[in-house]
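Welcome, and thanks for opening the viewer. Let's take a short walk through this model, one selection at a time.

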Amino acid sequence: MSIHGTAAQLATLAAEGGGNHESLQPIITGGGAFLVLMLLLWITTRFNRDR
């Protein structure tokens, strides 16, 4: 499959509005990702007490 064929298929998918699922809510997804990143940051800073 060429890059042009892939790009054309992705453009068609985007034009049809595909990829959005009814159960996905952006605020919940973004908030969850933010909380996970903050947890990872907190864990990282606990292990780097010498800096």
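Helices here are DSSP runs of H or I with at least four residues, and strands are runs of E with at least two, numbered from the N terminus. Keep in mind that this is a predicted model.

Begin with the whole protein chain in cartoon view: you will find 2 helices and 0 strands. Now switch on the surface. The accessible surface of the chain is about 5000 Å², and 67% of that belongs to carbon and sulfur atoms. How many of the 51 residues count as buried? The share is 0%.

Next, select Phe34 through Ile43, then add Phe47. Together these residues make a nonpolar surface patch of about 1200 Å².

Zoom in on Met38, one of the patch residues. Met38 sits in helix α2, which covers residues 26-47. Is Met38 buried or exposed? Its relative accessible area is 38%, so Met38 counts as partly exposed, between the cut-offs of 20% and 50%.

Last stop: Thr44, also part of helix α2. Thr44 is partly exposed, at 43% relative accessibility. Show its side chain and look for the backbone oxygen of Leu40, which the Thr44 side chain reaches at 2.8 Å.

Key: Residues numbered from 1 in each chain as written. Predicted model: local features only at pLDDT ≥ 70, side-chain atom pairs only at ≥ 80, totals over all residues. Heavy atoms only, no water. Buried < 20%, exposed > 50% of the residue type's maximum accessible area, 1.4 Å probe, protein only. Areas by Shrake-Rupley, 256 points an atom, 1.4 Å probe, with all protein chains shown as cover. Patch = residues over 30% accessible without salt bridge, like charges linked within 9 Å, V, L, I, M, F, W, Y side chains within 5 Å. Salt bridge = Lys/Arg side-chain N within 4 Å of Asp/Glu carboxyl O. Polar contact = N/O pair within 3.5 Å; in protein donor to acceptor, adjacent residues only side chain to side chain.
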